[in-house]
Amino acid sequence: MTWPFPLRRPQRLFTTVAAVIAAASAPSLVVAQTNTQAAKAEDRKDETRISSEQMTGRPDRELVLERDVEIIRGETTVNSDHATYWAAEDEVELNGNIRMTRFGDRYTGDKMRLKMDSGVGYVTNPTYHMLESNGQGKAERIDFESEDRALITDGTYSTCEGPNPDWYLKASTLKLDTGREVGNAEAPIIYFKGVPIIGALSMSFPLSAARKSGFLAPTQGTTSTGGFEVSVPYYFNIAPNRDLTLTPRYIARRGMMLGADARYMDSTYAGETKAEFLPNDTQTKTNRWSIASVHAQKFSPETTMNWNINAASDDNYPSDFSRNLSISTQRLLLRDLNFTYASTFWSATARASNYQVLQDPASPITRPYDRLPQFSLSAARQDVNGFDFAAYLEASRFWHPTMVRGERYVVNPSISYPIVRPSYFITPKVSLNAAAYSVQDPGSNNASSTYNRALPTFSLDSGLVFERDANFFGSAMTQTLEPRLFYVKTPYRDQSQFPIFDSAVADLSFAQIFNENRFIGNDRISDSNQLTAAMVSRYIEDSGTERLRVALAQRYYFDEQRVTLGTPTTGKSKPDLLASGTLQVSNTLKTEGNVQYSANQSSVIRGNAGLSWRPEPKKVLNLTYRVDVPNALRQVDVSGQWPIADRWYGVGRLNYSLPNDYANRPGFAPLTAPPARGLSEGLLGLEYKADCWIFRVVAQRLPTGTGKSNSTLFFQLELSGLTKLGSDPLQALRTSIPGYQELGTDPNRSSY
């Protein structure tokens, strides 16, 4: 039977029929975990709306729909040329020019059968496009097992737009689970530019940026020390705040290595442990291993515990296996455990620490002392009737296998009276450094000695702040002039017999020049009768941006310093001069420089100058020149990321040691192994950014010891939204090029 219906819209040239059929409500979810899940729960409670140009049948049983069919239930809309709808089952069968949208996902096909309330059904000869992951493809058939799960038969998957994608995954069976945000493929083959490049028995991939368990893409590469390498990581997404990555790694010249990286985080603790093990290295015939573990624990708002544990099997481990400069040149491996209790005005710390020393025969280093243990107490109160009080107490036991060892006790109280006004400040301060030593010399049958000292220090810090309106390159700004004087008086005390447990001469800098002691640590207190004068001028915009900063500082010695640490001292008549400047030329161009001029040497002994230009995203150029006469360094460092052609980017870094004659200058200790001339560190590569894939090729050379280096070649193909194939150069690019920006994002990369 046919029911005539009046025109829904009089202006239309064809007849429209409509019916509204209430479907049975599906059970509601107990907890909606995401906004999408909540919307799907509400979708099941909605009613089904049907419209077409012609409708025959009975609305309460079966309707046959012809031409311009549209069926809507909540977020699901289906269009076709023909359809049959069964009201009791809330089920529809569609034919011809089928189009469906469901929670932003789009489907087309020849024939579809679908239960509107549950989302269960199928479609033949479909195409699909997923909103969240931009995943799309075609297939012989898609079976909708629920609103979240779909089974694709003889289908493809890609994140590339268009009918002929640059890359696609083809599999006999594809399972897409948008609820779990994961896809699984059986017997997949990945095609790139029409050529099969990799296949597997099975494969899982993300449908969003969320973490998931499964195999990550294999990585391949080559190094000069290990030859060809390949690794196949497996990622365990244990919980939202815990994960584990296991990485078998085959190294052609050495054997099979197993690596593990475990991470965890909670409201009261966080940490990460990395470990590697290579049984029976084919070159050294030994077991090779390393471990690095950090952990932070909060037992209460006041009490915390931290550890930092690092160890390696042998001296050459970092240079043989690392692809990171900071690790490949790391020779001191710290093991540290500490407990801290912090109250409002005081804190106490108990610590035990030592180092494993990985020696380079060409440049040996001295093993630092172990602290077994160390206890310290810091306390401070500010503005007590205008006074500031502070105190530091320490008790440490220092141990070394061959050198003098013993205990050190330090008490360092201080009191100051800051006078701070808008245009000036004056801070007089008095402090006392008292120390007692009890030491034993293992080279003299553990002969014992005791040493004591108590040294008072008076300092006076003062400064003025002048401001005026000024113009800087035609822009209105505020110019400041900030002179500062810092006087220190500490009497001389012979400390030449005192051991040196943890002290060194501090490099002169703007941060250190206003310190009362020119030594780091408590083993030496410098005798001082000195005045530091500084002048700072700044140009500041109304927004607070500092466009220009120029600073000069010089320390004047009224008495020649007598306390030494085995290094030359600066005479009272020839102090060093420090100069520093930064210039923000524009929002994209910045330059800075620092210079330390030695009047004794009549030359610059330390200095650096740098320029950084970042005009646009993914455009950066850095240039740095540095000189360090005491360490015989003169280097030029150039790095950058820059587009060189359409979609092509060049990346690189060059750290080059220039010829110098600093190694044997008078007044400086000779170096056992001055830095070699030539290329110290190099990186050169190309990146290509297509719409749905990125290709990278990067070569890197890292110094691993005196006269030694390790070269690595990276090849990587990143298929956006699926995986990365090859070896990963991103860490090398981030650490080598300040300001480097990734061309794409990694959906497999997990982070807390």
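This is a guided tour of a predicted model, moving from the whole chain to individual residues that can be selected in turn.

**The whole chain**

Begin with the protein chain coloured by secondary structure, which comes to four helices and 50 strands. If you then colour by accessibility, 42% of the 752 residues count as buried, while the surface that the chain exposes amounts to about 37700 Å², with carbon and sulfur atoms supplying 56% of that area. Contacts can be shown next: among those between residues at least 6 apart in sequence, 48% join residues at least 24 apart.

**The disulfide**

Select Cys 160 and Cys 692 and display their side chains, since the structure holds one disulfide and these are the two residues that it joins, with an S to S distance of 1.8 Å. The pair links distant parts of the chain, 532 residues apart: Cys 160 belongs to the loop between β12 (149-157) and β13 (167-177), and Cys 692 to the loop between β47 (678-689) and β48 (693-705). Turning the view along the S-S bond, you will find an angle of 80° about it, which makes the link of Cys 160 and Cys 692 right-handed. With a surface switched on, are the two cysteines buried or exposed? Both Cys 160 and Cys 692 are buried.

**A cis peptide bond**

Move on to Leu 372 and Pro 373 and show the backbone atoms, where a cis peptide bond with an omega of about -5° joins the two residues. Pro 373 lies within strand β29, which covers residues 370-384.

**Aromatic rings**

Now display the rings of the aromatic residues, among which the count comes to 23 aromatic pairs. One of these is formed by Tyr 369 and Phe 398, an edge-to-face pair with 6.3 Å from centre to centre and 85° between the planes. Here too the pair links distant parts of the chain, with Tyr 369 in the loop between β28 (346-357) and β29, Phe 398 in strand β30 (residues 387-399), and the two positions 29 residues apart. Tyr 369 is buried, as is Phe 398. To widen the selection, add Tyr 437, Tyr 451, Phe 498 and Phe 501, which form one aromatic cluster together with Tyr 369 and Phe 398.

**Charges over rings**

Return to strand β29, where Pro 373 was found, and then select Arg 381 together with Phe 345: the charged end of Arg 381 sits over the ring of Phe 345, 3.9 Å from its centre. For a second example, select Arg 102 and Phe 144, where the charged end of the arginine sits over the phenylalanine ring at 4.8 Å from the ring centre.

**Two positive phi angles**

The last stops are backbone conformations, and they are best viewed with the loops drawn as sticks. Asn 280, although it is not a glycine, has a positive phi of about 55°, and its place is in the loop between β24 (269-278) and β25 (288-298). Why does Asn 280 count as partly exposed? Its relative accessibility is 47%, and partly exposed covers the range between the buried limit of 20% and the exposed limit of 50%, so Asn 280 falls in that class.

Finally, select Phe 473, a further residue that is not a glycine and has a positive phi of about 55°. Phe 473 is found in the loop between β35 (466-472) and β36 (475-490). With a relative accessible area of 76%, Phe 473 is exposed.

Key
Residues are numbered from 1 along each chain as its sequence is written. This is a predicted model: local features need pLDDT of at least 70, side-chain atom pairs count only at pLDDT 80 or more; totals for chains, interfaces and linings use all residues. Side-chain values use heavy atoms; hydrogens and water are left out. A disulfide is a pair of cysteine sulfur atoms within 2.5 Å. Buried means under 20% relative accessible area, exposed over 50%, partly exposed in between (1.4 Å probe, protein chains only). Contact means heavy atoms within 4.5 Å. Accessible areas come from the Shrake-Rupley method with a 1.4 Å probe; for residues, only the protein chains shown count as cover. Rings of Phe, Tyr and Trp (its six-membered ring) pair if their centres lie within 6.5 Å; planes under 30 degrees apart count as stacked, over 60 as edge-to-face and the rest as tilted. A charge sits over a ring if NZ of Lys or CZ of Arg is within 6 Å of the ring centre and within 35 degrees of the ring normal.
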